[in-house]
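Me: Hi! I have a structure open here and would like to talk it through with you. Could you have a look with me?

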Amino acid sequence: MDALMLDGNAIAGMLQEVFAVEMTMAMGTCGNCGAAEPMGATHVFKGAGVVMRCPHCDTVLAKVVRSDTRLWLSFPGMRALEVSP
Amino acid sequence: MEGTTVLGRLSWQVAEVVDIVDETPRVKTIAFDVRGWHGHRAGQHVDVRLTAADGYQAQRSYSIASPPDGTSVELTVERLDDGEVSPYLTDELRPGDQIELRGPIGGYFVWEPSQGGPLLLVAGGSGVAPLMAMLRLRAGAGSNADARLLFSSRSWEDVIYRDELERLEGDGLRIVHTLTRSQPDGWTGYARRVDADMLAEVGPGPAERPRVYVCGPTLFVEAAAEALVQLGHDPQTVRTERFGPTGG
């Protein structure tokens, strides 16, 4: 158990910066186990960047790295992201 | 652009301190006036940003404790001795001071009176803040939805919103405290960490399909959520918000 683990709520502000809509209710589908969960329910780990993991199988769904002026997103393990515009 | 809202895009807004209340020896509630605040939902949070004279910035998230009415945004902040942001908020801020915040943020950890009950709220320490917004909204809306708050604190002195919770009790709301480190003389309530037996006694059980909200330090949330699922609650009905080892 990792006491430093957070969840998707903790990075909701940063995600909203990028997508310009509320993102904790956006549904992400894991590319490994196929589970669909709201972004708010994903497991989040913060280090030099942010890693979002599937709460069921631990697959890395997304990574976010930011500098002062830029933000890099990658979605290594997310099959789909369903957003309500 | 600062202070303007384009679609759902977040912008940093100036928030002015209007009131500071001591909740416990380590916790204060700071009320902010935010010009152009468009209201919020119970359970949402804000990001707070502090900027040092040399331009260095630190950012943390805090749940909104006030119910969604008017322009006041109340944040309940626990002072962490080694914290970067919380000691400034609890020790340095005075009425009239300004900070930057953006929000409201979130939609997953939110309750609306129209969703009804039963509600099972499980709080560890200052994790009670978003749940208090829900209970204040519930009372303000005249809802008598069955609601239970299981609130874990270190000691009786550490119970945040103690008097207000006592006043809110009744009308379908039951409040159960557990004191994990020390208990006052004659204490007959729970005196241990939240576990499956305690959650089963507090109820409502899985058959009643309560909406469950759990907020607190990560290990607290993990233990409570695991126990709830073990009791048979549908994981989809258990919403969690974790704030790390001890919070922001």
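**Core, helix, interface and sheet**

Me: Thanks! Which residues have the most contacts inside the largest nonpolar core?
Reply: Happy to help, and keep in mind that this is a predicted model. The largest nonpolar core has 70 residues, and Leu121(B), Leu131(B) and Leu149(B) have the most contacts inside it.

Me: And where does the largest share of this core come from?
Reply: From helix α2(B), which supplies eight residues to this core. The core also draws at least three residues from each of domain 1 (13-104) and domain 2 (113-242) of chain B.

Me: Back to Leu121(B): what is it in contact with, leaving aside neighbours within four places in sequence?
Reply: Leu121(B) is in contact with Leu131(B), Met134(B), Ala147(B), Arg148(B), Leu149(B) and Tyr213(B). Of these, Leu131(B) and Met134(B) are also among the buried residues of α2(B).

Me: OK, tell me about that helix. How many residues does α2 of chain B have?
Reply: It has 13, covering residues 128-140. From first C-alpha to last, α2 of chain B reaches 18 Å, close to the 18 Å expected at 1.5 Å a residue.

Me: Why is α2(B) said to be largely enclosed by the rest of the structure?
Reply: Because eleven of its 13 residues are buried. The buried residues include Val128(B), Pro130(B), Met132(B) and Leu135(B), and also Arg136(B) and Arg138(B).

Me: What happens just after α2(B)?
Reply: Gly142(B) is there, with a positive phi of about 70°.

Me: Changing topic: how many residues of chain A are in contact with chain B?
Reply: 20 residues of chain A, and they touch 20 residues of chain B. On the chain A side, β1 (6-7) and α1 (12-19) are the elements that give two or more residues. α1(A) gives the most, with four residues.

Me: What classes of residue are on that side of chain A?
Reply: Twelve are nonpolar, five are polar and three are charged.

Me: Last topic, the sheet in chain A. What is the strand order?
Reply: The order is β1-β4-β5-β6-β7, in an open sheet of five strands with antiparallel pairing. β1 and β7 (71-74) of chain A are at the edges with a single partner strand each, so one side of each has no neighbour in the sheet.

Me: How many bridges join β4 and β5 of chain A?
Reply: Four, between β4 (residues 43-46) and β5 (residues 50-53), and the pairing is antiparallel. Within β5(A), Val50(A) is the bridge partner of Lys46(A).

Key. Residues are numbered from 1 along each chain as its sequence is written. Chains are lettered from A and ligands numbered from 1 in the order in which they are written. This is a predicted model: local features need pLDDT of at least 70, side-chain atom pairs count only at pLDDT 80 or more; totals for chains, interfaces and linings use all residues. The expected span of a helix is 1.5 Å times one less than its number of residues. A residue is buried if 20 or more other C-beta atoms lie within 10 Å of its own, exposed if 12 or fewer, and partly exposed in between; C-beta atoms are placed from the backbone. A nonpolar core is a set of buried Ala, Val, Leu, Ile, Met, Phe, Trp, Tyr and Cys residues joined through C-beta atoms within 7 Å. Domain bounds come from an automatic or database domain assignment. Two residues are in contact if their C-beta atoms, placed from the backbone, lie within 7 Å. Ala, Val, Leu, Ile, Met, Phe, Trp, Tyr, Cys and Pro count as nonpolar, Asp, Glu, Lys and Arg as charged, and the others, Gly among them, as polar. Two strands pair if DSSP finds at least two bridges between them.
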